[in-house]
Amino acid sequence: MATLTARQGRSVVLLEKDHHPRFHIGESLLPGNVELFDRLGVKDQVAKIGMPKFGIEFVPPDLDDRSYVDFSEGWDPSKDSAWQVRRSELDELLFRHAGKQGTLTLEGAKVRQVDFDAEGAVVRAVLADGATRTWRTRFVVDASGRDTLLANKLKSKQKNPDHNSTALFGHFRDARRLEGKREGNISICWFEHGWFWFIPLADGTTSVGAVCWAYYLKARDKPLKEYFFDTIAMCPELNDRLRNATLVDDAVHATGNFAYSSTHATGDRYLMVGDAFTFIDPMFSSGVFLAMQSAFDGAEVVATALDRPAELPAARRALERRMRTGPRDYSWFIYRVTNPTIRDMFMHPKNTFKVKQGLMSLLAADLRHGPRYRLSLVMFKAVYYFVSVLNWRRTYAGWQRHRYNIRDIGPLKGETILKAD
Ligand SMILES: Cc1cc2nc3c(=O)[nH]c(=O)nc-3n(C[C@H](O)[C@H](O)[C@H](O)COP(=O)(O)OP(=O)(O)OC[C@H]3O[C@@H](n4cnc5c(N)ncnc54)[C@H](O)[C@@H]3O)c2cc1C
């Protein structure tokens with residue numbers, strides 16, 4: 001967003017509370033990201049730090065079965081790959097690039113307060129040395145991620161009632177990976193309390209995490225590291241791949257606070273992008289893509305707000321719609337993934353009515369194929385509902401299990417990074 005608005009010739013200040021390079025989770029990217037990196041002018045740099053990723057492996061629980069799908073099976077076979085990246089490297093690269101494109105970048109500058117008035121806003125930040133600095137600005141973009149700075153201030157953040165999960169994760173050396181071209185693919189392994197990601201990085205380490213229902217993390221009765229390894233043991237395939245692996249830095253992380261949305265993303269003088277607006281379960285690695293896409297779309301709205309204010313209401317309405325479409329499309333699948341019918345469709349995807357092509361375009365974040373793409377998703381859903389009705393008993397059991405899994409178990413602690421003991 002900073003790069004794009006600076007390119008419009010504006011005076012842009014980018015405030016980051018941390019210092020790059022800093023740790024961040026969310027390492028698996030999608031082919032849809034590649035085009036956006038290209039438009040930013042950083043594609044070659046990202047390629048240098050990335051592990052090539054051509055598709056997804058799905059591993060079901062309790063079954064000696066695997067499914068491998070390739071991004072090239074989507075509507076556009078040329079959108080066939082992406083990368084797995086260390087976020088500390090990617091995020092630093094994007095931050096420095098914004099600086100080179102004309103943004104004033106400040107690290108160790110934590111925004112504490114934003115006050116709006118008729119002219120724009122006053123933004124107050126505390127710097128690393130404890131000093132406070134204030135900026136008067138015509139427009140504020142909140143890209144504060146899951147800190148949701150503006151949504152907290154405006155009390156517009158709402159917990160997603162249809163999803164309630166948490167994550168435990170760590171990095172491993174010497175994990176056994178897939179072979180050949182599939183080495184860099186993400187593996188998604190389902191287990192009783194949720195699902196695991198297995199993300200191979202370019203430097204030989206592998207990111208492994210369990211996204212589990214909130215009740216499961218809440219029930220933890222032992223040190224985090226032990227609980228993490230016990231959780232891994234529930235997934236025989238993953239356990240086997242990690243048999244000779246070692247946990248990097250002995251560090252296990254836990255995070256709660258999953259799945260929310262702000263009631264709105266835009267105001268006359270502000271915009272929330274990425275996780276600052278909404279967060280959905282990361283099963284399909286859509287977070288970075290949705291965040292970047294919202295920045296590209298949002299940059300146009302900033303230009304409208306500052307240069308053609310009469311057009312702003314219509315531009316805001318269009319952006320609000322766009323920012324909900326992507327998360328809604330992914331969420332439809334995420335909410336149903338505990339259902340055996342949809343699991344079968346993932347495990348053995350057939351291309352009848354082009355449903356596999358539609359699914360693969362969505363999983364590649366290659367979303368611009370107009371009506372034929374939309375129709376293939378509609379057909380996927382039609383097949384799903386048809387098979388679900390035919391198997392109504394297991395559909396009902398799956399629905400009941402989902403309700404049970406997302407039951408409210410009270411507040412969980414926010415993000416905690418715990419050194420394993
Ligand atoms: C467990 C887990 C696994 C995930 N896996 C994936 C994945 O594999 N692929 C994927 O695409 N996505 C994944 N995601 C989602 C992904 O991490 C996010 O969607 C993505 O990082 C959102 O980008 P963003 O720019 O909106 O926010 P962030 O990347 O979080 O950036 C926000 C920045 O704002 C800074 N900040 C916050 N508050 C302030 C403040 N007050 N003042 C100044 N600076 C501030 C933060 O330090 C941070 O640098 C995952 C998320 C989780 C929780």
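This talk describes the ligand site of one structure and then a small sheet that contributes to the site.

Good morning. The structure is a predicted model, in which local features need pLDDT of at least 70 and side-chain atom pairs count only at pLDDT 80 or more, while totals for chains, interfaces and linings use all residues. Residues are numbered from 1 along each chain as its sequence is written, and side-chain values use heavy atoms, with hydrogens and water left out.

Let us begin with the ligand. There are 33 residues around the ligand, where a residue counts as near if one of its heavy atoms lies within 4 Å. Those that come nearest are Glu16, His24, Ser28, Asp275 and Val288. By type, the shell holds 14 nonpolar, nine polar and ten charged residues. In this division, Ala, Val, Leu, Ile, Met, Phe, Trp, Tyr, Cys and Pro are nonpolar, Asp, Glu, Lys and Arg are charged, and the others, Gly among them, are polar.

Which helix supplies the largest share of the shell? That share, three residues, comes from helix 9, which spans 287–307. Strand 1 (13–16), strand 7 (110–117) and strand 14 (194–200) also supply at least two residues each. Helices (H or I, at least four residues) and strands (E, at least two) are DSSP runs, numbered from the N terminus.

I turn to the backbone. A polar contact to the ligand is a pair of N or O atoms within 3.5 Å. A backbone N or O atom of Val111 lies 2.9 Å from a ligand nitrogen atom. Ligand oxygen atoms are approached by backbone N or O atoms of Gly287, at 3.3 Å, and of Val288, at 2.8 Å. The ligand on its own has 1000 Å² of accessible area, and the protein covers 91% of that area; the areas come from the Shrake-Rupley method with a 1.4 Å probe.

Val111 leads us to the sheet, for its bridge partner in strand 8 is Ala125. The sheet is open, with three strands in the order 7-8-9 and antiparallel pairing; two strands pair if DSSP finds at least two bridges between them. Strand 7 and strand 9 (132–137) are the edge strands, each pairing on one side only.

How many bridges join strand 7 to strand 8? There are seven, and these two strands form a hairpin with two residues between them. Strand 8 (residues 120–126) pairs with strand 9 over six bridges; Val126 has Thr132 of strand 9 as its bridge partner. In general, strands of a sheet pair through backbone hydrogen bonds.

Thank you for your attention.

Note on methods. A polar contact is a pair of N or O atoms within 3.5 Å; within protein, one must be able to donate a hydrogen and the other to accept it, and residues adjacent in sequence count only if both atoms are side-chain atoms.
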